[in-house]
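The exercises below concern charged side chains and their partners. Please work through each task with the coordinates open before reading its solution.

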Amino acid sequence: MTARSCFSVPELIRAQVEDRPTGPALRTAQGVVVTYAELWERAEDIARELGAMEVRPGDTVAVRMPIGPDAVVALLGSWLAGAAFLPLDLDTTTDRTRRFLDHARAIALIDVDAGLIPLEPSEWTESGAYPACVLPGGVLIGHAALAEHIDAIVDLLALTDRDTALQLAPLSEGVAQEEIWPVLAAGGTLTFADTVTPEGAELADLIQKRGVTVLQLPATEWQKLSAGGPGEAGDLSRRDNSVAGVDLSRRDTPGLDADLSRRDNPTGAVDLSRRDTPAVAADLSRRDTPPDPGDLSRRDNSTADDGVSRRDNPVRPPDPSRRDTPEPADDLSRRDNPDPGSDLSRRDSSPLAEVGPSDALDALDLLVVRGGALTPDDVRAHRSGPLRHVTLVHAHGSPETLFTSAALLLPPRAPLPEGEVLPLGGAVGARRLYVLDEQRRPVLPGEPGEVWVAGPVLAEGYLHDRTRTDERFVPEPFGAQTLTYHGVITQDRMYRTGDRARQRPDGLLELLETAPVSDSVSITVPTVPLLPGQARWMYDVEVPEPDHSCRNALFTTADGIGVERLERVADVLLRRHPALGSRLRSDRSLEFIEPDSSDAVRVLDFSGVAPDERVWQLEEALAAAQRSLSLSQGHVFRITYVELGDGTARLLLTVHELVIDQISLSLLVEELEVLLDEGTEETAKPPAPAPATPVDLSGALRDWLATADARADAVRWAAAVRGFAEIRPAAEGDDRILSLRTHRFRLPAEETRLVVDDLGARGITPQDFVLGSLVGGLAAWTGESTHGVDVVVDGRDVRVGGLDLSLSVGHVQSTFPAVLSWVGEGLLALRGVLDELAGLPAQRFGFDALRFSSPYENERTALTVCPRPAVRLGFHDEFRDEFVARSARSDRLLRPAAESLGAQRSPAQRERHLLLAEGALVDGELQFGITYSQGHWSYAHITALVAHVERVMGEVLSPAPAAVGASGTGATGVGFGPYR
């Protein structure tokens with residue numbers, strides 16, 4: 001019985017129960033055998049217990065158990081009860097386990113310690129098809145797809161009832177499903193390790209004692225076993241070792257985004273070996289399509305006349321998917337490429353060398369290697385060591401493609417493909433593999449493109465995340481259809497892997513770039529590209545020590561708040577604002593990791609510190625908190641609480657500059673105080689509905705970038721950012737952060753009232769007034785009338801894509817370049833500036849959005865080469881300053897503190913702009929300031945510029961605006977504050 005006549009994996013197992021009931025299905029670490037009949041009987045017992053707990057078809061049952069027979073019984077029993085299973089890791093914290101259970105809406109838990117536990121009942125809310133399993137990352141896998149995939153793996157590996165597979169991966173890792181079910185579907189035996197860390201000689205001894213014929217390892221561990229030095233054999237099951245997959249649930253694990261050794265590494269390899277079809281592999285999904293005679297991906301289809309299985313066929317070409325694929329020649333003339341059977345000199349350097357192949361490893365027939373960029377030299381090392389007789393299978397895939405979507409088989413003496421790295425192998429089973437451009441069109445051979453996997457053998461999508469599912473899983477545009485188990489013809493889908501590849505001259509694929517390893521245990525929100533303002537921060541200037549760049553708020557507060565109360569408050573803030581859990585990936589995108597409030601809170605007790613030492617120790621502690629941030633690990637939010645022993649304490653709120661803007665910090669402080677005032681878990685609720693998140697904003701930007709309006713705006717921006725005066729520094733001195741100084745002045749309250757009320761009545765905002773006055777001041781200062789200004793914009797005042805961002809915490813701000821001319825003087829000159837401002841594209845966020853994220857390379861290039869203004873202008877309204885005034889009251893829980901914070905940014909950082917202008921309404925007065933580097937400008941230079949700006953402001957306000965009336969150009973103030 002195969003998947004083509006089965007609906008589910010349990011039916012494949014049931015066929016073996018009927019055919020060989022007394023055959024060994026499971027072998028325990030102590031050598032106890034569980035037969036197929038006993039396996040089925042025990043699984044039925046579990047199913048009856050679940051049924052007694054009112055588990056119904058379509059429900060989800062969580063399984064939290066160690067590797068072993070009981071876990072397999074629990075998984076199969078969940079299926080027999082009609083439920084999907086959610087496999088959980090024993091190392092997962094209680095809080096995280098609860099979140100997984102809530103997300104999957106599990107109705108029961110089979111736990112290693114507590115047994116069978118009923119949970120809150122829930123109903124399945126996805127599609128009508130009942131799922132087979134839900135992985136902790138939220139990937140939803142259906143029964144039919146899983147059954148067909150398991151059957152394809154049986155064929156690919158030529159598994160029979162004589163095979164024994166060793167399970168090493170924890171249940172929560174997707175690859176565990178490929179270790180467990182294929183060998184059982186073939187009638188073979190699944191065995192388990194004596195310990196959780198078999199390595200070196202211990203692993204070899206285990207292979208010998210259990211007669212293991214099939215083994216799966218990450219690439220890094222296989223390389224160690226094949227050619228590593230003594231003692232380098234890795235830990236084959238610990239979650240903090242790449243052998244069994246990296247535990248991405250640990251926020252303190254370094255280097256996660258660079259680790260490609262995880263067993264579910266999403267490489268999505270593609271077989272485009274047909275030279276006459278450069279972008280589409282053979283369609284094997286049609287049930288009426290016979291296998292290609294040259295396709296060795298099936299057990300019953302071999303080019304050998306004697307029926308030798310492909311694992312025993314030494315002349316099998318490395319790419320089995322097409323008969324007309326040229327066989328890559330293995331260069332045996334190279335001096336550094338000895339005969340694989342003759343060079344045994346490296347055996348003594350391997351952890352397995354002490355137990356030779358004749359002693360322990362003869363039984364091992366096939367080794368599946370997952371992840372990593374493997375080279376022909378790696379294979380040669382394998383063929384020169386104790387594993388030289390073992391057939392290699394280089395597997396690629398992800399949970400979304402049901403683990404292994406492509407594979408390259410390399411029998412011991414098969415010729416090796418040419419090139420520095422091994423190419424990707426053929427599609428597994430009824431999948432089709434494409435390399436497409438940004439418009440999802442096939443690319444030509446040799447051209448790079450993105451890898452897509454199509455066909456019926458894909459995951460259903462992401463649990464309770466329709467937006468993410470629709471983004472990654474799309475209808476296949478090439479007309480492929482599949483005949484389902486029920487006899488219904490359906491349109492196939494395809495999955496966007498994120499990998500990039502090109503077709504080599506020999507028809508095989510070369511993987512150019514691997515998609516970032518997704519956090520398989522995160523269920524919060526999907527990965528998103530940097531927002532426009534974040535991209536500017538990342539790319540527009542070199543940032544030394546990028547982790548040390550933060551925004552802070554320091555307060556005097558009450559003592560005795562306590563770590564538990566602070567952690568509860570931090571947890572609410574982290575869950576309300578996903579930006580506070582941002583982690584920067586190696587591809588410079590952001591993912592939002594599962595909140596860990598205990599990691600975000602630090603409590604210090606200085607009550608025993610002498611008063612004369614307290615100040616400097618406090619300031620050092622505050623500085624250390626700012627230096628403790630880490631973008632790559634997701635440590636971007638800190639609450640540092642210091643008890644001083646005098647009835648007061650200090651509270652420092654620190655957030656990385658990449659993930660939050662200044663207004664967001666004010667919003668966050670407001671919520672922090674409300675939560676601390678209420679203080680209990682039951683009452684620690686945010687004061688308003690959950691705001692729009694960076695994910696929402698990213699989706700709105702993505703939708704806009706695909707519109708015709710975006711195409712038109714790209715052309716307008718490229719034409720508009722031209723022809724302005726170049727401002728050069730007066731000196732080329734030290735321009736690092738420590739050299740910056742600020743020169744400010746304020747308009748009196750009466751003149752500020754004219755700006756706010758009289759000019760406002762004519763559609764001119766305070767922001768417009770400051771921008772125009774800055775341009776007028778620059779014109780007088782330089783003698784040039786036209787200047788470029790990078791204008792900071794904010795998205796909270798209006799809706800972007802229908803989103804209300806007024807309470808959003810994140811990096812919502814961005815910047816756009818405005819080329820403006822000051823001609824004449826007074827209000828008429830200001831209106832001229834505003835006329836030019838109104839002529840820019842209405843979507844002010846669009847410049848940076850298009851420059852960094854346009855789907856068209858020509859648009860990104862055209863905007864990137866635009867000249868860059870040396871002056872930046874930002875404007876703060878009364879929001880922040882009103883908060884500062886309120887927080888100064890003695891009855892507030894959080895009051896401003898006087899101590900020094902330490903450097904908010906690394907002293908080695910430099911400011912890209914030569915001049916940083918800022919306007920603000922402070923205590924009813926309009927404040928204007930210029931921040932500059934003393935290495936570029938003298939105090940006299942900046943004093944002169946500020947005096948020109950102040951004079952222009954006075955000219956605009958005199959004569960009174962009412963006397964001018966509507967005699968200007970008719971322009972209305974367009975405002976640069978909001979996204980439009």
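**Exercise 1.** In this predicted model, determine where Arg585 is placed in the secondary structure and whether Arg585 counts as buried or exposed.

Solution. Begin with the secondary structure, in which Arg585 falls in the loop that runs between strand E26 (582-584) and strand E27 (590-592). Next take the relative accessibility, which is 5% for Arg585 and lies under the 20% limit, so Arg585 counts as buried. Finally, look at the side chain, where a polar contact of 2.3 Å joins Arg585 to Glu591.

**Exercise 2.** Establish which parts of the chain are linked by the salt bridge between Arg42 and Asp70, and how accessible Arg42 and Asp70 are.

Solution. The closest N and O atoms of Arg42 and Asp70 are 2.6 Å apart, and the two residues form a salt bridge. Arg42 belongs to helix H2 (residues 36-52) and Asp70 to helix H3 (residues 69-80), so that distant parts of the chain, 28 residues apart, are linked. With relative accessible areas of 31% for Arg42 and 45% for Asp70, each residue is partly exposed.

**Exercise 3.** Find what separation in sequence the salt bridge between Arg851 and Asp540 spans, and decide whether Arg851 is buried or exposed.

Solution. The closest N and O atoms of this salt bridge, formed by Arg851 and Asp540, are 3.0 Å apart. Because Arg851 lies in helix H22 (residues 846-853) and Asp540 in the loop between helix H12 (532-539) and strand E25 (550-558), the pair ties together parts 311 residues apart in sequence. Arg851, at 5% relative accessibility, counts as buried, and Asp540 is buried with a relative accessible area of 18%.

Methods:
Residues are numbered from 1 along each chain as its sequence is written. This is a predicted model: local features need pLDDT of at least 70, side-chain atom pairs count only at pLDDT 80 or more; totals for chains, interfaces and linings use all residues. Side-chain values use heavy atoms; hydrogens and water are left out. Helices (H or I, at least four residues) and strands (E, at least two) are DSSP runs, numbered from the N terminus. Buried means under 20% relative accessible area, exposed over 50%, partly exposed in between (1.4 Å probe, protein chains only). A polar contact is a pair of N or O atoms within 3.5 Å; within protein, one must be able to donate a hydrogen and the other to accept it, and residues adjacent in sequence count only if both atoms are side-chain atoms. A salt bridge is a side-chain nitrogen of Lys or Arg within 4 Å of a carboxyl oxygen of Asp or Glu.
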